[in-house]
Amino acid sequence: TYLVGTNTVGNETLLGQKVEPSPIHSAWKERVGNYKVTTPIEVIDLPKGGLKIEDGFLIAHAKTDRGQKLNVVLKTLNNTQALALGIGRGFGETVYVIKQNGDEVLEYSAVRFKKISN
């Protein structure tokens, strides 16, 4: 199900997509917590963020240095991959779990995140 809007000249624009809760793989439940970015991002500063479960959804969340809140619903595919649900730039991409220097790290769109606390 999609949300479509119409502008003042009659052009339709895709605004959103309905997301239903889906089962969350157990390994992802264990990853809930606070994360820090371990690779620099040139276009945005994300000093803090993490994973949380809210209303049955696994959500990746962050707050920019300017206070802008970002929330992305993740659909787990297995214990090491999840999809970023939604429409637009960056959505539909996969979040991967990788090992880096012996630590488990999340990677999304070439940006890596390391868990710092529960």
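**Starting from Arg 31**

Setting aside residues within four places in sequence, Arg 31 makes contact with Leu 51, Asn 79, Val 97, Glu 104, Leu 106 and Lys 115. That is a good place to begin a walk through this model, which is a predicted one. Arg 31 sits in the loop between helix 1 and strand 3. Is this arginine buried or exposed? Its relative accessibility is 7%, and because the limit for buried is under 20%, Arg 31 counts as buried.

One of those contacts deserves a closer look. Arg 31 and Glu 104 form a salt bridge, with 2.7 Å between the closest N and O atoms. Glu 104 belongs to strand 9, while Arg 31 is in the loop that runs from helix 1 (26–30) to strand 3 (33–37), so this pair ties together parts that lie 73 residues apart in sequence. The two partners can be set side by side: Glu 104 is partly exposed, at a relative accessible area of 34%, whereas Arg 31 is buried.

Let us step back to the overall plan. The protein has ten strands and one helix, and from the N terminus the order of elements is β-β-α-β-β-β-β-β-β-β-β. How do the strands come together? Eight of them close into a barrel, in the order 3-4-5-6-7-8-9-10, with antiparallel pairing. On average, neighbouring strands in this sheet are turned by 35 degrees against each other, ignoring direction. As a general reminder, strands of a sheet pair through backbone hydrogen bonds, in either a parallel or an antiparallel manner.

Within that barrel, strands 9 and 10 are a helpful pair to follow. Strand 9 covers residues 103–108 and strand 10 covers residues 111–117; the two run antiparallel and are joined by four bridges. One pairing to look for is Tyr 108 with Val 111, its bridge partner in strand 10. In the loop between the two strands you will find Ala 110. Its phi is positive, at about 70 degrees, although the residue is not a glycine. Ala 110 is also exposed, with a relative accessibility of 65%.

A similar question can be put to another loop. Which residue between strand 4 (48–54) and strand 5 (57–63) should we look at? Asp 55 is found there, and it too is a residue other than glycine with a positive phi, near 55 degrees. Its relative accessible area is 70%, so Asp 55 is exposed.

Back on strands 9 and 10, charged side chains also link the pair. Lys 114 and Asp 103 meet in a salt bridge, with an N to O distance of 3.2 Å. Lys 114 is in strand 10 and Asp 103 in strand 9, eleven residues apart, and the pair links distant parts of the chain. Both ends count as partly exposed, Lys 114 at 29% relative accessibility and Asp 103 at 31%. A further salt bridge joins Arg 112 to Glu 107, where the closest N and O atoms are 2.6 Å apart. Arg 112 is partly exposed, with a relative accessible area of 24%. Counted by the same kind of rule, the salt bridges come to four. In general, side chains of opposite charge can pair when their charged atoms come close.

Now for the nonpolar side of the story. The largest nonpolar core has 14 residues, and those touching the most other members are Trp 28, Leu 51, Leu 58, Leu 74, Val 95 and Leu 106. Which elements give two or more residues to this core? They are strand 6 (69–76), strand 7 (81–84), strand 8 (94–100) and strand 10. Leu 74 shows how such a residue is surrounded: apart from neighbours within four places in sequence, it is in contact with Leu 51, Leu 58, Ala 60, Ala 82, Leu 83, Ala 84 and Val 95. Leu 51 and Leu 106 also bring us back to the start, as both are on the contact list of Arg 31. In soluble globular proteins, nonpolar side chains tend to be buried together.

A few totals complete the picture. Of the protein's 118 residues, 25% count as buried. Among contacts with a separation of 6 or more, 36% are between residues 24 or more positions apart. The protein exposes about 7,900 Å², with carbon and sulfur atoms supplying 49% of it.

Technical notes: Residues are numbered from 1 along each chain as its sequence is written. This is a predicted model: local features need pLDDT of at least 70, side-chain atom pairs count only at pLDDT 80 or more; totals for chains, interfaces and linings use all residues. Side-chain values use heavy atoms; hydrogens and water are left out. Two strands pair if DSSP finds at least two bridges between them. Axes are lines fitted to C-alpha atoms, for helices over the stretch in contact, and angles run from 0 to 180 degrees between N-to-C directions. Buried means under 20% relative accessible area, exposed over 50%, partly exposed in between (1.4 Å probe, protein chains only). A nonpolar core is a set of buried Ala, Val, Leu, Ile, Met, Phe, Trp, Tyr and Cys residues joined through side-chain atoms within 4.5 Å. Contact means heavy atoms within 4.5 Å. Accessible areas come from the Shrake-Rupley method with a 1.4 Å probe; for residues, only the protein chains shown count as cover.
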